[in-house]
Amino acid sequence: MSEIKYSKEHEWIKLEGEIATIGITKHATEMLGDIVFAELPEKGSNVEKDGTAGVVESTKAASDVYTPVSGEVVDLNQSIVDDPSKINQDPENSAWFFKLKIKDKSEMDTLMNKDEYDIFAKESST
Amino acid sequence: MDTKKTSLYQLHQDSKAKFVEFAGYQMPIQYAEGIVEEHRYTRNHSGIFDVSHMGQLFIYGQEDLVDDLERIFPLDLKNLKLNHSKYSFLMSDNAGIYDDLIITKIKDGFLIILNAACKENDYKILKELLNDKYKMILDEERSLIAIQGPKSVEILKSVIQGVENLNFMSGNWFTLDDHNIYVTRSGYTGEDGFEVSLTNEFADRFTRRLIDKGAKLIGLGARDTLRLEAGLCLYGHELSKDKTPVEANLKWAISKERILKGNFIGSDIITKQLNHGVNKIRVGIKPEGRIIAREKTKIYNESNSEIGEITSGTFGPSVNGPVAMGYVKNKFSKKDTKIFLEVRGKKHPATICGLPFYKKSYVKGVN
């Protein structure tokens, strides 16, 4: 069974076993506008919860991507680097950013579930 | 102070605009389809830009006014024909740029289009320089609508017959539904197009008519990517009080005739820079790969010395890659010079390149 959670920085995280897949939410892409650049963390590097783990840029501005949990980067989605517009097209599915082997499963408990995030996103955009 | 709204505010809202405050106005940064799609629509079809925040300064006078304005602008205004336009600058004594502008000879005087953020200050400076001798109206009763892109001529002529006969950088008065409209063939996107000055009360109705004919509203976001691909300067970025037209690589806009005679504000510095060169100069910059170097990004040479700074940088949808402009020390300004851009602490390779990034298709002559 997989579990999907959301961060206040508008990342989603799907946990399967000890591997977490992380991307940015549809709401985030709507705020950013057309994404034209994506930078991912290095494979094999260790990232800390709430630390920066990538960058996305729209035509307007650059924004950091944060990791909602700590872990080791085990896989990267090169296709979004090659064609960043994929992030706007399918942000919460095929346009994932990176996969982590997570360090501490309890960090998931600090994140929001879908309903909580939807309310949070709605409030933060008004 | 409350932000101002243009006459098209309701139309922007109806078209699902996202607004930003720009120069004291609530302006649309983009609409529902987004910047990249708006950019492409302008390049391939026809985009409408609300530029009503820009200043429309009418100055009325005859030969005296021409003489007085020639003491201010580096232009051969005596030979500027009726309804013809020139790009120019309002400069300080040191040739620093207070504003870049378009000046058009109209019956009874001149019409000067000014940047929104500069217009009040320009008005004050000009009033003082002209010793309050002439009637000057910074007209808030008129809106300014640009229509840009290859289909614009077809669309606009179906609403205002005769505009198709205008040459690039010239204009004329037209009448539509008893409204006096001044149309020039000009713009700031690198595309063929027009700028339409009309009364505020008619602006909304007129613009909806253009939309009915197939043109789409385009926000400031795409206006920026379009002008940057076209290699055009934006005041507050490429142009400012501490840069001269020669440094901005805009010497083409200074009349050769006037340089020989001098006697305009800033002419000493301009002449000196034309004869002896400048320390820094504006260039086009093409980053390698997809990295975007934004304003204030530092520029280094191959031996790691800082040689300049980016003034505008974004992703160019028609170029399908990053584009930038900036100032570098003159000796590094040659085309194909290898440089490095420091983005988020890392140095990325880039090349000095010619401008524009995207080739323009202005209509030069139709007659």
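## Close-up views of a predicted two-chain model

**Figure 1. The largest nonpolar core of the predicted model comprises 118 residues.** The residues with the most contacts inside this core are A:Leu100, B:Ile48, B:Ile112, B:Ile147 and B:Leu341. Domain 1 (9-55 + 140-229) and domain 2 (279-353) of chain B each supply at least three residues to the core. The model shown here and in the following views is predicted.

**Figure 2. The surroundings of B:Ile147 in chain B.** When residues up to four places away in sequence are left aside, B:Ile147 touches B:Ser46 and B:Ile48. Its other contacts on that basis are B:Ser152, B:Ile155, B:Leu156, B:Gly193, B:Phe194, B:Val196, B:Leu210 and B:Ala215. B:Ile147 and its contact B:Ile48 are both listed among the residues with the most contacts inside the largest nonpolar core.

**Figure 3. Antiparallel pairing of strands E10, E11 and E12 of chain B.** Strand E10 (residues 171-176) and strand E11 (residues 179-184) of chain B are joined by 6 bridges in the antiparallel sense. Within this pair, B:Thr184 of E11(B) lies opposite B:Gly171. The hairpin of E10(B) and E11(B) has 2 residues between the strands, and B:Asp177 adopts a positive phi near 50° there. E11(B) also runs antiparallel to strand E12 (residues 193-199) of chain B, with 3 bridges between them. In this second pairing, B:Val183 has B:Val196 of E12(B) as its bridge partner. B:Val196 is also one of the residues that B:Ile147 touches.

**Figure 4. The contact between domain 1 and domain 2 of chain B.** The domain assignment of chain B places residues 9-55 + 140-229 in domain 1 and residues 279-353 in domain 2. The centres of the two domains of chain B, taken over C-alpha atoms, are separated by 31 Å. Contact between them involves 8 residues of domain 1 and 8 residues of domain 2. On the domain 1 side, the elements that give two or more residues are H2 and H7 of chain B. By class, the residues on that side are 2 nonpolar, 2 polar and 4 charged.

**Figure 5. The interface between chain A and chain B.** Here 9 residues of chain A are in contact with 12 residues of chain B. Helix H2 (35-44), helix H7 (220-229) and strand E16 (306-316) of chain B are the elements that give two or more residues to the chain B side. That side is made up of 4 nonpolar, 5 polar and 3 charged residues. H2 and H7 of chain B thus appear in two views, as they also give two or more residues to the side of domain 1 that touches domain 2.

**Figure 6. The open sheet of chain A.** In chain A, 6 strands form an open sheet with antiparallel pairing, in the order E1-E2-E3-E9-E8-E5. Its edges are strand E1 (3-6) and strand E5 (46-47) of chain A, each of which pairs on one side only. E1(A) and strand E2 (residues 11-16) of chain A run antiparallel and are joined by 4 bridges. One of the pairings places A:Glu3 with A:Leu15 of E2(A) as its bridge partner.

**Figure 7. The environment of B:Ser92.** B:Ser92 belongs to the loop between strand E5 (85-91) and strand E6 (97-106) of chain B. This residue counts as partly exposed because it has 15 C-beta neighbours inside 10 Å. Apart from residues up to four places away in sequence, B:Ser92 touches B:Tyr98, B:Lys241 and B:Gly266. B:Lys241 is 149 residues from B:Ser92 in sequence, yet their C-alpha atoms are 7.6 Å apart.

**Figure 8. The folds of the individual chains.** Chain A contains 4 helices and 9 strands, which follow the pattern β-β-β-α-β-β-β-β-β-α-α-β-α along the sequence. The C-alpha atoms of chain A occupy a box of roughly 35 × 35 × 25 Å along the principal axes. Of its 126 residues, 40% are buried. Chain B contains 9 helices and 19 strands. The radius of gyration of chain B is 21 Å, close to the 21 Å given by the globule rule for 367 residues, so chain B is as compact as a globular protein of that length. Buried residues account for 45% of the 367 residues of chain B.

How values were computed:
Residues numbered from 1 in each chain as written. Chains lettered and ligands numbered in written order. Predicted model: local features only at pLDDT ≥ 70, side-chain atom pairs only at ≥ 80, totals over all residues. Pairing = 2+ DSSP bridges. Contact = placed C-beta atoms within 7 Å. Nonpolar A, V, L, I, M, F, W, Y, C, P; charged D, E, K, R; others polar. Domains from an automatic or database assignment. Core = buried A, V, L, I, M, F, W, Y, C linked by C-beta atoms within 7 Å. Buried ≥ 20, exposed ≤ 12 C-beta atoms within 10 Å, placed from the backbone. Rg over C-alpha atoms; globule rule 2.2 N^0.38 Å.
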